[in-house]
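Reader: Could you walk me through the helices and aromatic rings of this protein model?

Author: Happily! Take a look at it here, and then ask away.

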Amino acid sequence: MAPSTHAAVLLTVCLLSCYMTIPSLAASGEFLQCLSANIPTQLVVTPSSPSFDSVLVSSIRNPMFFTPTTVRPLCIVMPTNASHVQAVVLCGRRHDVRVRVRSGGHDYEGLSYRSERPETFAVVDLSNLRAVRINRRAATAWVDSGATLGELYYTVAKAAPELAFPAGVCPSVGVGGHFSGGGMGMMMRKYGLPVDNVIDATLVDANGRLLDKKAMKRDLFWAIRGGGGNFGIVLSWKVKLVRVPPTVTFFNIRKSVDQGAVNAVAKWQTLAPALPDELSIRVIVGRDALFQSLYLGSCGELERTMSRLFPELGMTRADCREMSWLQSTVYINSGDTKTPLETLLNRTTSLSTFSRNKSDYVKKAITKDLWEKIFPWFNKAGAGIILLEPHGGRVGSIADTATPYPHRSGVLYNIQYVAFWTGNGTDAPNWIKDMYDFMEPFVSKNPRGAYVNYRDLDIGENTVVGGVTSYESGKAWGEKYFGGNFKRLAITKGKVDAGDYFRNEQSVPPLVSRK
C-alpha cells in the first residue's frame, strides 16, 4: 500500500472512531431481543420485514434521503404508549444503541431517520402517538408529538370553533419537530410562536424516566421549547389555545416586477413587522412576488387598513376571501375555497421532487436598489424561491432568552431559501448556494442567524471526542440557530444527558462543569 493511501485509510478510521463507536452485531442483536421482551413485536419493524421500506419511507419528504447509500436504522419502533418509549431508551442505553426520533419527517436534513455517517441506531416513530385532547372551558389542549399540525388544527376547530392554535402553514408537519424548533406561522405576530404557548409537557429522559414540567424542572422545560430536540423524547405538549373571530380574511396578491414588485417588497420589509398584530403578510418571491395575508377580522376592516398603510399593493375588496380560521389553514396552500377541510388530515408523502433549504434573518431593511439586483436571480438556471416571514408584534416583544428561539428583538423577517429539482438527485442546482452567498452582506451578522427548523448541515456538523459531542464543534452551527442561548442549552444538556445519548449531526452538545 502506498504511503499516501495508507495515511488516507488511517485518517478515515480516525475520523470515524472520533465520531462514534459502532456497536457489535452481538450488541445489536441483544438490543432487538431486549425490545422484543418489552414491546409487542408488531411495533418493531426490522429490515428483514416486508414492510420495512414502506414504514421508513412513510414520512420521508425528500428522495435525496432514500437511496441505496442512505445509512438506515437497525429498526423502527412505533410505540403506542409511553412505556414503549421508555423501553427503547433503556434497551438502547444497556446495549449502546442510540435512537433518533421522528414525528412528521419534515427534518430538512432527514436526521430524524438517517445518519450522515456509519452508525447503528434505531428510529422511534411517534406517528401512533397523535391524540389531541381539548379542554374547551380552560382553552387548553394536550397534543401528542406524533400528531400533525393539520390534525391539531382540525381537532381544535371542530371541538371549539372559537379557538385555534398559532403554528405553521404546512399541515403535514409533525407537532414534535415543529415545537422543538420554536415554530413559525401566520398568527405569531398576534400570539407568539407555538412554544410561547406551551405550558406543560411529558418527556422520556435519557434515563428512561417519564417526566412532566414539574419533574423536569425549569432548565429542561425551557430547553425543549425551541432548543432543537435531543434533550429527551417529548411525547405530548399541553398548549394554551387562542381565540379567533368567526370570520377571518385572506388574500393572495401577485405583483410582477413591471407591476411594482420591487417597490412593494422594499416597503413591506419595515411595514410588515409594524402592522396591527391581527394582520400578517408574508411574501413568496420568485420571478414575481406573491403577498399572502391573514387578517383576524372582516374584509372591510382589512381594506381600510391596507389602503391607509400599504396602498402600493393596490388591494381591493375583490382580493378578499372571508372564511373561518380553519378554512384559512387549507386555503393558504390550495388557493381554493372548495378544498375539503379533511385534507388537513392527509399524511401522504411524495418522493417526486428533490429539495434544498437554507435560512437567514434580516434586521436592517434591504434597499430598493439591492432588491432590483435580487429579483434577476430568479431568472437564473435552477432558480427556486424565497419565503419572507414577518416578525414583530408578540413574537418580537418576548425576550430573546425567554425560550431558546433567539430571533426576536430587532428582527424584521426570516428568509427561507428553497430550491427544487427532479431527475436522479445528482443534478442539484448551484442556485441556492450562490444565492445564499450573495445575500450574506444584507442579513444578520455575528453570527449570521439561521432557523433550526430549516436545518442546514452546510453551516456545521458535530464532532465527537471521547464519546461525546465537542462543544466547540457545536458552537459553529449552534450559535447561528440559538445565539446567546446556545451555552445555556449546552449546560442543560450536560445536566440531563451528560453521556450524550440523544445525539445527531446537529444536536446540542453536553457542556459539563468540572469542579
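Reader: Which residues form one aromatic cluster with Tyr108?

Author: First, a word on the source: this is a predicted model, where local features need pLDDT of at least 70, side-chain atom pairs count only at pLDDT 80 or more, and totals for chains, interfaces and linings use all residues. Residues are numbered from 1 along each chain as its sequence is written, and side-chain values use heavy atoms, with hydrogens and water left out. Rings of Phe, Tyr and Trp (its six-membered ring) pair if their centres lie within 6.5 Å; planes under 30 degrees apart count as stacked, over 60 as edge-to-face and the rest as tilted. The cluster joins Tyr108 with Tyr361, Tyr405, Tyr451 and Tyr454.

Reader: How many aromatic pairs are there by this rule?

Author: A pair of aromatic rings is described by the distance of the centres and the angle of the planes. By the rule for pairing, the count comes to 22 aromatic pairs.

Reader: What kind of pair do Tyr153 and Trp325 make?

Author: Tyr153 sits in helix H5 (residues 149–159) and Trp325 in helix H11 (residues 325–334), so their pair ties together parts 172 residues apart in sequence. Tyr153 counts as buried at 3% relative accessibility, and Trp325 is buried too, at 5% (buried means under 20% relative accessible area, exposed over 50%, partly exposed in between, with a 1.4 Å probe and protein chains only). The ring centres are 5.2 Å apart and the planes stand at 75°, so the pair is edge-to-face.

Reader: Are the axes of H2 and H4 roughly parallel or roughly antiparallel?

Author: Helices (H or I, at least four residues) and strands (E, at least two) are DSSP runs, numbered from the N terminus. The axes of H2 (residues 25–38) and H4 (residues 82–95) come within 9 Å and cross at roughly 155°; axes are lines fitted to C-alpha atoms, for helices over the stretch in contact, and angles run from 0 to 180 degrees between N-to-C directions. Angles under 35 degrees count as roughly parallel, over 145 as roughly antiparallel, 65 to 115 as roughly perpendicular and the rest as oblique. H2 and H4 are therefore roughly antiparallel.

Reader: And how is H15 placed against H16, oblique or roughly perpendicular?

Author: Helix H15 (residues 471–482) and helix H16 (residues 486–496) have their axes 9 Å apart and pack at an angle of about 130°. That angle makes H15, relative to H16, oblique.
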